[in-house]
Amino acid sequence: MKNLFEKSRICPGQTTEMFIAPFRKKAPKSLNKQVLGSILIIICFLTIAPIGLLLLTGFQTIQYDKIITNVSRANDFSQTVAVKIPDEIWKIVAGQQYFYSGNQILYIHQVREGIKEIQRTGGEAVELLAVASRALDTLENYVLLLGDQIRRGASVSENEVILEEVRGVASLIEELLQKYIVEEIKSSSEANERLKHLTNIMTISLLIFFLAAVVFAFIVRRTLSNNIQHAISKVEDFSNQIAAGQLDRRITSPSIQEFEHLTGNLNIMATKIQQLIDANIREQKNLQKAQMQALQAQITPHFLYNTLDTIIWLAEVGQTKQVVELTKAFSNFFRISLSRGREWITVGEEIEHIKSYLTVQEIRYRDILDYEINCDESLYNFPMLKLVLQPLVENALYHGIKNRRGRGHLQVNATRSGDLLHFEVTDNGIGMTEERLAQVTKELSTDFDRAETTEKPSVYGLFNVNKRLYLYYNQQASLNIVSVLKQGTTVSFNVPLSGPKEGKLENV
C-alpha cells in the first residue's frame with residue numbers, strides 16, 4: 001500500500017490543473033447564456049415529435065405498399081392457377097400439344113416461388129398461403145400423374161378424370177388466394193385507419209408538448225437563480241457521501257465559477273481514493289493468479305514421469321510406431337501448456353491440447369479408455385483461458401473411469417450458445433453419491449473475494465479450475481457438476497465468446 005501511495009503522489013512541478021481538467025466540461029456561463037441554452041435544448045426536443053411522425057408515417061406507407069403489392073401478385077397467381085394451368089392441361093388431354101411442350105410445370109413453379117416470396121413478407125393471412133402452397137403440391141402431383149398416364153398410353157377418359165381433378169384443385173387454390181386477397185385488403189384498410197389515428201394522436205401530442213415547453217422555458221428562467229443556494233447544499237451532501245464511504249459518487253460542476261475548483265478537487269479526492277482501493281484489489285487478485293500458476297506447475301511432474309516410463313517401456317518392447325506417436329503427442333501437449341507464457345489461447349489450441357493429453361493416456365490405458373471430442377471448427381479462433389479442460393479430463397479419467405469395471409468412455413463437447421462458449425466433459429465412470437456431490441458443490445461455491453481458506457479442498461483439480469475461471473472472467477464463469485452414482489459425471493461451464501471481461505488477452 002505504501003508503494004501505491006508513493007506512485008500516486010504528485011511530482012514536483014505538477015499542479016492540480018491536470019486533475020481538474022477531466023471534470024471541467026466547459027467554461028462557466030452567465031445566467032443569461034444558461035437560459036438561452038435551455039431554450040435551445042427545448043427547441044431541439046420540439047423537433048423530435050415531427051421527425052417521429054414522419055418516420056411513423058413512412059413506416060405505415062411502406063407496410064401499406066407491401067400489402068398492395070402482395071394483393072396484386074396474389075391476384076396474378078390466382079389467374080395463372082385458375083386459367084393458364086387448366087388450359088395447358090386441356091390442350092394436352094385434347095391432343096393439341098405434347099405434355100413436355102406445355103408450360104404447366106413452369107406455371108406451377110412460378111406460382112410456388114411467388115407464394116414463398118409473399119410468405120417471407122409476412123402478413124396476417126399468411127396461413128392461407130401455406131394451405132395454398134400445399135394444395136399446389138397436390139396440383140403438381142396430378143399434373144405429373146397425367147404425364148405418366150400419357151407415357152403409358154392411357155385412354156382419353158382416364159386423362160379426363162385427371163383433368164377434372166386438376167380443375168378442382170386449381171379452383172381450391174384460386175379460392176384460397178382470393179380469401180388471402182380479401183384478408184390483405186382488410187389489413188390495408190386497418191393499417192390506413194391506424195395511420196390516421198396515430199397522426200391525430202401525434203398532432204395533439206405535438207401541440208401539448210409545445211405548450212409545455214413554452215411554460216417550462218419560463219420556469220427555467222425563474223428557478224435558475226435558485227441554483228446558487230442549491231449548489232451549496234449539493235457540495236455538503238457530496239462531502240457527507242464521501243465520508244460515508246460512497247466513493248463512486250461524483251459531483252457535477254454547478255456552472256458557477258466560485259464552485260468550479262472546489263467541486264473538481266472533491267471529485268479528484270474521491271477518484272484517487274477509489275483508484276488506490278482498486279489497485280490494492282487488483283494486486284491481491286494478481287497474487288492469487290500467480291499462486292494458481294504455481295499450483296499448475298506442481299501438477300505436471302507425475303504425468304511427466306509416468307509418460308516417460310511408458311515411452312521407455314514401449315521402446316524396450318520394440319513398439320517404435322507407438323513411441324513416435326506418444327512422443328509427438330507428449331511434445332505437443334507441453335508446447336501448448338507453455339504457450340510462450342500466454343494465459344490466453346484459442347479454443348482450437350485448447351482442443352488440440354486435450355487431444356494430445358488423451359492420446360498419451362489412451363496408449364497408457366488402452367484397455368479401459370475410449371474418448372470422443374466434439375467441437376465445431378467455427379469455434380476454433382475464439383479466445384479462452386488455457387488449461388481449463390485438461391484438469392477436468394484428468395479428473396474424469398482418474399476419479400471416474402479408473403474406478404469402474406470394464407471399459408470407460410470419455411466425451412468432450414464444445415458448443416456455442418448465443419454469446420457464450422459452452423464446454424462439457426462427460427464420463428461414464430463410477431459417479432458420485434448425492435452426499436458427495438453436495439460436498440463437492442459446496443467446496444466449489446467458495447467466495448474467492450474473501451480471505452483464503454486454510455482447509456485444503458478434496459477436489460483439488462476442480463477447485464483450481466473453478467478458481468481460475470472466477471479470477472480471470474470476473475464471476476462470468478463457474479463449474480457446474482451433474483453426477484449419478486455408477487452412471488457417470490458431467491462437468492460443464494460457460495465463458496464469454498469475447499474472452500475476459502476486460503476485452504483483451506493479457507499476459508500475467
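## A tour of two helices and their salt bridges

Helices α5 and α6 are roughly antiparallel to each other, because the angle at which they pack is about 165° and anything over 145 degrees counts that way. This is a predicted model, so keep that in mind as you click along.

**Stop 1: the α5/α6 pair.** Select residues 104-120 for α5 and residues 126-152 for α6; their axes lie 10 Å apart. Turn the view until one helix lies over the other, and you will be looking at a left-handed crossing. Now show side chains. From α5, the residues that meet α6 include Ile105, Ile108, Val111, Ile115 and Ile118. On the α6 side, look for Leu129, Leu136, Leu139, Val143 and Leu144, among others. Colour the contact by class and you should find 13 nonpolar, four polar and three charged residues.

**Stop 2: a bridge across that contact.** Select Arg112 and Asp137. They form a salt bridge, with 2.9 Å between the closest N and O atoms. Arg112 belongs to α5 and Asp137 to α6, so this pair ties together parts that are 25 residues apart in sequence. Is Arg112 buried or exposed? Its relative accessibility is 12%, so Arg112 counts as buried. Asp137, at 34%, counts as partly exposed.

**Stop 3: along α6.** Move to Arg152 and Asp148, whose side chains meet in a salt bridge at 3.3 Å, N to O. Both sit in α6, four residues apart, or about one turn of the helix. Arg152 is exposed, with a relative accessible area of 56%, while Asp148 is partly exposed at 28%. Before leaving α6, add Glu140 to your earlier selection: salt bridges with shared partners join Arg112, Asp137 and Glu140 into one network.

**Stop 4: from α5 to α4.** Next, select Arg73 and Glu117, another salt bridge, with the closest N and O atoms 2.9 Å apart. Here distant parts of the chain are linked: Arg73 is in helix α4 and Glu117 in helix α5, 44 residues apart. Arg73 is partly exposed at 27% relative accessibility, and so is Glu117 at 34%. If you would like to keep hunting, the whole structure has nine salt bridges.

**Stop 5: Ile67.** Stay with α4, residues 48-93, and select Ile67. This residue is buried, with a relative accessible area of 11%. Which residues does Ile67 contact, leaving aside neighbours within four places in sequence? They are Glu184, Ser187 and Ser188. Finally, draw a C-alpha to C-alpha distance from Ile67 to Ile181: the two are 114 residues apart in sequence and 9.2 Å apart in space.

Note on methods: Residues numbered from 1 in each chain as written. Predicted model: local features only at pLDDT ≥ 70, side-chain atom pairs only at ≥ 80, totals over all residues. Heavy atoms only, no water. Axes fitted to C-alpha atoms, helices over the stretch in contact; angles between N-to-C directions. Helix = DSSP H or I, 4+ residues; strand = E, 2+ residues; numbered from the N terminus. Parallel < 35°, antiparallel > 145°, perpendicular 65-115°, else oblique. Left-handed = near helix turned anticlockwise from the far one by under 90°. Contact = heavy atoms within 4.5 Å. Nonpolar A, V, L, I, M, F, W, Y, C, P; charged D, E, K, R; others polar. Buried < 20%, exposed > 50% of the residue type's maximum accessible area, 1.4 Å probe, protein only. Salt bridge = Lys/Arg side-chain N within 4 Å of Asp/Glu carboxyl O.
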